[in-house]
Amino acid sequence: MVFNNSRNLLYCSWYCSAIYFLGIIIQKKTDIDFKYTLFFIGLILAIINLINIQSINLIAFSQVILSWIVMTVIFIIIGKFWDLFTLSSYDGKINLSIISAHLFDASSTFIAVDYYGYFEQHVLPGSIYNLSGTAITMFPLKIIVICISLYIIDKYVDDEILSGTLKLAIFILGLAPGVRNFLSLAIGT
């Protein structure tokens, strides 16, 4: 683990702070928003790491991306009929990105469990997989829970800050494990 001692954590904090302040200095001198500086420094570091990956399982990569695209397109079509996911409103676009993040998690989990011998660590989805014999049940499970959550937030939460915070948390809870699963599967770890 990278942060196995406090010295590594301290170095990482210094490094992140230095990049942040570099972005602020560049913004003051050139009028370039510091967020772009942070993004491009992060992108360069990510590209360096991606170049050093020895092998990528392109079949698994393609399977996850294809199943995710198919499911997301279905929700784009649903958005034409259901205001919760319509592309003509800001909330609809946010909700579509949230369900898309969770569909990415479901896609990576489904492909990993059903085709590559991975297993579900959580009790409820694992039990559902064992009962059904397939991890494709992750899709309806995610869709039901996320749609209900988004509907409740849109209908009953009036405070925009609270609503945005809840939606951000739901988005992260879908995207983070999805990316982790996807990278583990694609890199073969």
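A crossing of two helices is called left-handed if the near helix is turned anticlockwise from the far one by less than a right angle, and right-handed if it is turned clockwise. Keep that in mind as you turn this predicted model on your screen, and start with α4 and α7. Their crossing is left-handed. The two axes come within 8 Å and cross at roughly 30 degrees. Angles under 35 degrees count as roughly parallel, so α4 runs roughly parallel to α7. As for what sits in the contact between α4 and α7, there are 15 nonpolar residues, along with eight polar and three charged ones.

Now stay with α7 and look for α3, the helix spanning residues 58–79. Here the axes lie 8 Å apart, and the packing angle is about 150 degrees. Anything over 145 degrees counts as roughly antiparallel, which is why α3 is described that way relative to α7. The hand is right-handed where α3 passes α7. You can pick out the side chains' owners easily enough: from α3 come A60, F61, V64 and I65, and they meet F182, L185 and A186 of α7. By class, this contact has seven nonpolar residues, with no polar and no charged ones.

Next, the empty space. Rolling a probe the size of a water molecule over the atoms shows where such space is left. The largest pocket has a volume of about 630 Å³. To find it, go to D105, T109, E120, H122 and M138, which lie nearest its centre among the 24 residues of the lining. Four helices each give at least two residues to that lining: α4 (90–116), α5 (123–132), α6 (138–156) and α7 (160–187). So what is the lining of the largest pocket like by class? It has 13 nonpolar residues, seven polar and four charged.

The second largest pocket holds about 220 Å³ of space. Its lining takes in Y90, D91 and I94, then I153, D154, V157, D158, D159 and E160, and finally S163, G164 and K167. The elements giving two or more residues to this lining are α4, α6 and α7. Which of them provides the largest share? That is α7, with four residues. By class, the lining of the second largest pocket divides into six charged residues, four nonpolar and two polar.

One thread to follow on your own: α7 packs with α3, crosses α4, and supplies lining residues to the largest pocket as well as to the second largest one.

Notes:
Residues numbered from 1 in each chain as written. Predicted model: local features only at pLDDT ≥ 70, side-chain atom pairs only at ≥ 80, totals over all residues. Heavy atoms only, no water. 1 Å grid on protein atoms, 1.4 Å probe; cavity = no way out; pocket = protein on both sides within 12 Å on 5 of 7 lines; lining within 4 Å. Points joined across faces, edges and corners; volume = space filled by probe spheres on them. Nonpolar A, V, L, I, M, F, W, Y, C, P; charged D, E, K, R; others polar. Axes fitted to C-alpha atoms, helices over the stretch in contact; angles between N-to-C directions. Parallel < 35°, antiparallel > 145°, perpendicular 65-115°, else oblique. Contact = heavy atoms within 4.5 Å.
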